[in-house]
Amino acid sequence: MKRLLSLVCLLLLPCLAQAQMPAECTQAVVGITEGWNSSQAQVSLVEKNAKGQWVRVLGPFPARLGRNGTVWGLGLHANPRGATLKKEGDGRSPAGIFAIGGLWTTTKTPVKHDRALPEVKVGPNDLWVSDPKTPQYYNRWVRLDHPAATAWELREQMKQTDYPHSIKLLICHNTAGTPGRPVVNGGSSIFFHIWRNEGAAATAGCTTLLEQNLRTLVARLQVSRHPVYILLPKEEYTRLRPQWRLP
């Protein structure tokens, strides 16, 4: 197996040492839910203007989340002591503050994006590993030196022909760039991608949007602004806003 250098969150490493909203971040995707068990969110993009004020520039867009709602994830924030954390297969989207990584695409229609944001054209050699039994690869992009062939490789292979997965923007939950050591079995493969069944279907933990809304969001992101994703229930967002310096 040949593993190429992962693009996971490499562009946002200056933000990764902090436990709350990084001071250098001037662009944020904000997802708000009605409660921990809700699989629906409203997603907006906010930016700091020349006066240092946060203003909404896109959205709110309807989004679908994990089928069981949200749970605290592993990102740039400090989780409450004793909090339940995301686990592999729990059907929940990670809540908190997360760096945003690169693009992984199979779409034939080009995705407009900041050229400083890397894009991987996904092919039969590309895996995203969600198997906790392989901690050396867990929650990482792996490119083989051959098309996936074994049962394990095929199980971990990134989707090739599934429309909702044709545009994927990485949410850096529990990645190699997370402060501290990533947790094996702590949840993997968390992306923004296109929603399924016109938004009628929840996800396994990703945040999904209408294709045009996702494209519009991606096109606006600028790596130089150190964008982050904030996903929280409305009550938690209100409570933590002063402490975490949220928009």
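In this predicted model, serine 189 lies in the loop between E9 and E10, and its phi is positive, at about 55 degrees, although the residue is not a glycine. Asparagine 174 is likewise placed in the loop between E9 and E10, and it too has a positive phi of about 55 degrees without being a glycine. With a relative accessible area of 1%, asparagine 174 is buried. A further feature of the backbone is found at glycine 59 and proline 60, which are joined by a cis peptide bond with an omega of about 5 degrees; proline 60 belongs to strand E3. These features of the backbone can be set against the general pattern, in which most residues other than glycine have a negative phi and most peptide bonds are trans.

Serine 189 also appears in the description of the largest pocket, the volume of which is about 620 Å³. Of the 30 residues that line this pocket, those closest to its centre are Ser130, Lys159, His165, Ser189 and Ala204. Two elements, helix H1 (151–156) and E10, give two or more residues to the lining, and the largest share, 3 residues, comes from E10. When the lining is divided by class, 10 of its residues are nonpolar, 11 are polar and 9 are charged.

The interior of the model can be described through its nonpolar cores. In soluble globular proteins, nonpolar side chains tend to be buried together. The largest nonpolar core here contains 27 residues, of which Val29, Leu103, Leu169, Phe192, Leu209, Leu214 and Tyr229 touch the most other members. The elements that give two or more residues to this core include strand E2 (40–48), strand E3 (54–64), strand E5 (93–105) and strand E9 (167–171), together with strand E10 (191–194), helix H2 (211–220) and strand E12 (228–233). A second core, separate from the largest one, has 16 residues, among them Val46, Leu76, Ala95 and Leu246. Leucine 209, one of the residues named above for the largest core, is in contact with Val43, Phe61, Pro62, Ala63, His193, Ile194, Trp195, Leu214 and Leu217, when its neighbours within four places in sequence are left aside.

Methionine 21 lies in the segment before strand E1 (27–33) and, at 3% relative accessibility, counts as buried. Apart from neighbours within four places in sequence, methionine 21 is in contact with Ala28, Trp54, Ile97, Val228, Ile230, Trp244, Arg245 and Pro247. Methionine 21 and proline 182 are separated by 161 residues in sequence and by 20 Å in space, taken from C-alpha to C-alpha. Arginine 115, by contrast, is exposed, with a relative accessible area of 67%, and is located in the loop between E5 and strand E6 (119–121). The C-alpha atoms of arginine 115 and histidine 77 are 28 Å apart, the two residues being 38 residues apart in sequence.

Charged side chains were examined next, and a search of the whole structure finds 10 salt bridges. One of them joins aspartate 126 to arginine 143, with the closest N and O atoms 2.8 Å apart. This pair links distant parts of the chain, since aspartate 126 is in strand E7 (residues 126–128) and arginine 143 is in strand E8 (residues 141–143), 17 residues apart. The two partners fall into separate accessibility classes: aspartate 126 counts as buried because its relative accessibility is 1%, a value under 20%, whereas arginine 143, with a relative accessible area of 26%, is partly exposed.

Another salt bridge is formed between glutamate 236 and arginine 239, where the closest N and O atoms are 2.6 Å apart. Both residues lie in helix H3 (residues 234–244), and their spacing of 3 residues corresponds to about one turn of the helix. Glutamate 236 is buried, with a relative accessible area of 15%, while arginine 239, at 48% relative accessibility, counts as partly exposed. Lysine 121 forms a salt bridge with glutamate 119, for which the closest N and O atoms are 3.3 Å apart, and glutamate 119 counts as partly exposed at 26% relative accessibility. Finally, Glu47, Arg220 and Arg225 are linked with one another in a network of salt bridges.

Definitions and conventions:
Residues numbered from 1 in each chain as written. Predicted model: local features only at pLDDT ≥ 70, side-chain atom pairs only at ≥ 80, totals over all residues. Heavy atoms only, no water. Salt bridge = Lys/Arg side-chain N within 4 Å of Asp/Glu carboxyl O. Buried < 20%, exposed > 50% of the residue type's maximum accessible area, 1.4 Å probe, protein only. Helix = DSSP H or I, 4+ residues; strand = E, 2+ residues; numbered from the N terminus. Core = buried A, V, L, I, M, F, W, Y, C linked by side-chain atoms within 4.5 Å. Contact = heavy atoms within 4.5 Å. 1 Å grid on protein atoms, 1.4 Å probe; cavity = no way out; pocket = protein on both sides within 12 Å on 5 of 7 lines; lining within 4 Å. Points joined across faces, edges and corners; volume = space filled by probe spheres on them. Nonpolar A, V, L, I, M, F, W, Y, C, P; charged D, E, K, R; others polar.
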